Amino acid sequence: MVKKKLDKLPELFKKALPLTKKLQSHGFEVYFVGGSLRDWLLNEPINDLDLATNALPLEVKSLFPHSFDTGIQHGTVTVVLHHENYEITTFRTDGDYLDHRHPNSVKFVRNLEEDLKRRDFTINALAMSPQGEISDYYGGLADLNNKIIRCVLNPFERFNEDALRIFRAIRFVSQLNFSLDPITKKALIKKVPLLANISIERIHHEFIKMMKGVAWQKSFKLIYQAKIDQYMPSIQPSFKTQILENRFSKIVFHDEAEIWSFLFILNVFPINQISKVLNQWKSSNSLIKNVQEICNFYQNYETGLRDYQLFYGLKLSNIKIGTFLLNKINNCKLGESFLDGYNNLPIHQISDLAISGKDLIQFANFQPGKELGKMLKLFENKVLKREINNNKQDLIAYARSQK
Ligand code: ATP
Ligand code: MG
């Protein structure tokens, strides 16, 4: 049994100790499990904490009145402690998988080993007690050391049960910069057709996590090798040539709109069908809008547009992403000062005008209607071209002169 020094325990784990103490003092076992334990052992930043216990959901609830059901049928109860939420899941085994995604039933068990057995990869099947002892039934520690993604027990069965694991494996390769164990890889390639059972929402979620990982090019090679691209709507058959260029290998992505824009600009997905493709991938309208804005900005710059029209009406965050992509893809050397083009605009949108339709009615004798809108549009144009200052007096004087 490996024992970890508890003085090095991350703050997030320490904060959960009152909770684990209470469970233990009532005779229950409780362990830190899942991604946060894996990431801590790898010295990577940790996200949300997963706890596993042999207490049944109702037993957990009776010990912690400040709790609510999250997925009680799967054994998960959320406990609130000092304004933080902790997910505690009862040890369970999964029944048969009939749709290659969801277990038909789950059964609560009292034994840790059984619970760890249902998990996807050895590195995700470790558990650590609040005292720091690590349980490693499936070789997860060695695989962490050797940077290997390996299924728990039989990989053919594991991918057969839940085909999402195919994409999870690909995503962990990128996120952790690990390699697939050869037998796991063989099984993964064989079971790829089962991805037909996985919803595009889940594939989308895993794909973006993959793209945010450091070794996303390595994952793309696997996608190509295993022919996973068939399950990625509208990806172009020639994607491999574009995406695997060496000069992109160091790019680290942080933002989903940045990722899609990159992929459209490289024509990994067809750039003239942004909204159609992103709808196929069940994306939000705001994402679609941002990607369109970034790609337009990028293309406008490429075609030589440099005046206010390049920046006007856009979100600064989108301009920053577009600039990042111009530098990375197009070898531009645009620095901070490039953004002056945006920052120094007299107005950033029509509502920034120092005059409103109401003002025109009140001070320049305008009638409500089309004429008003036309005048505001004219002001927008003149202010942007710096033919007139954006102050109320000047604008009203100009409006009166036009009557
Ligand atoms: P991260 O949170 O960093 O994305 P994670 O490994 O914590 O990664 P979660 O989806 O949060 O992933 O799941 C928590 C744990 O539940 C995993 O570590 C794994 O043990 C188990 N798990 C999650 N999804 C599956 C699955 N599809 N099949 C088997 N076990 C799974
Ligand atoms: Mg997690």
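## A mostly covered helix

Helix H8 is mostly covered: 11 of its 13 residues are buried. This is a predicted model. Among the buried residues of H8 are Leu164, Ile166, Phe167, Ile170, Phe172, Val173 and Leu176. Charged and polar names appear too: Arg165, Arg171 and Ser174 are buried in H8.

How far apart are the end C-alpha atoms of H8? They are 18 Å apart. H8 runs over residues 164-176. At 1.5 Å a residue, its 13 residues should span 18 Å, so the model agrees with the expected span. Just after H8 comes Asn177, with a positive phi of about 55°.

## The whole chain

H8 is part of a protein chain with 20 helices and 12 strands. The chain has 403 residues, and 49% of them count as buried.

What radius of gyration does the protein chain have? The value is 28 Å, while a compact globule of 403 residues would have one near 22 Å. The C-alpha trace spans about 85 × 50 × 40 Å along its principal axes.

Now take the contacts with a separation of 6 or more. Residues 24 or more positions apart account for 64% of these contacts in the protein chain.

## Surface and charge

The protein chain exposes about 20000 Å². Carbon and sulfur atoms supply 49% of that area. The chain carries 54 positive and 43 negative charges. The mean positions of the two sets are 3 Å apart.

## A buried asparagine

Asn290 is found in helix H15, which covers residues 285-302. Is Asn290 buried or exposed? Its relative accessibility is 15%. Buried means under 20%, so Asn290 counts as buried.

Which residues does Asn290 touch, leaving aside its neighbours within four places in sequence? Asn290 is in contact with Ala257, Lys315 and Asn318.

## Two exposed loop residues

Asn331 lies in the loop between helix H16 (316-329) and helix H17 (340-343). Asn331 is not a glycine, yet it has a positive phi of about 60°. Its relative accessible area is 56%. The cut-off for exposed is over 50%, so Asn331 is exposed.

Arg386 sits in another loop, between helix H19 (370-384) and helix H20 (392-401). Arg386 has a positive phi of about 60° and is not a glycine either. At 56% relative accessibility, Arg386 counts as exposed.

Terms used
Residues are numbered from 1 along each chain as its sequence is written. Chains are lettered from A and ligands numbered from 1 in the order in which they are written. This is a predicted model: local features need pLDDT of at least 70, side-chain atom pairs count only at pLDDT 80 or more; totals for chains, interfaces and linings use all residues. Side-chain values use heavy atoms; hydrogens and water are left out. Helices (H or I, at least four residues) and strands (E, at least two) are DSSP runs, numbered from the N terminus. The radius of gyration is taken over C-alpha atoms; the globule rule is 2.2 Å times the number of residues to the power 0.38. Buried means under 20% relative accessible area, exposed over 50%, partly exposed in between (1.4 Å probe, protein chains only). Contact means heavy atoms within 4.5 Å. Accessible areas come from the Shrake-Rupley method with a 1.4 Å probe; for residues, only the protein chains shown count as cover. Lys and Arg count as positive and Asp and Glu as negative; His and the chain ends are not counted. The place of a charge is taken as NZ of Lys, CZ of Arg, CG of Asp or CD of Glu. The expected span of a helix is 1.5 Å times one less than its number of residues.
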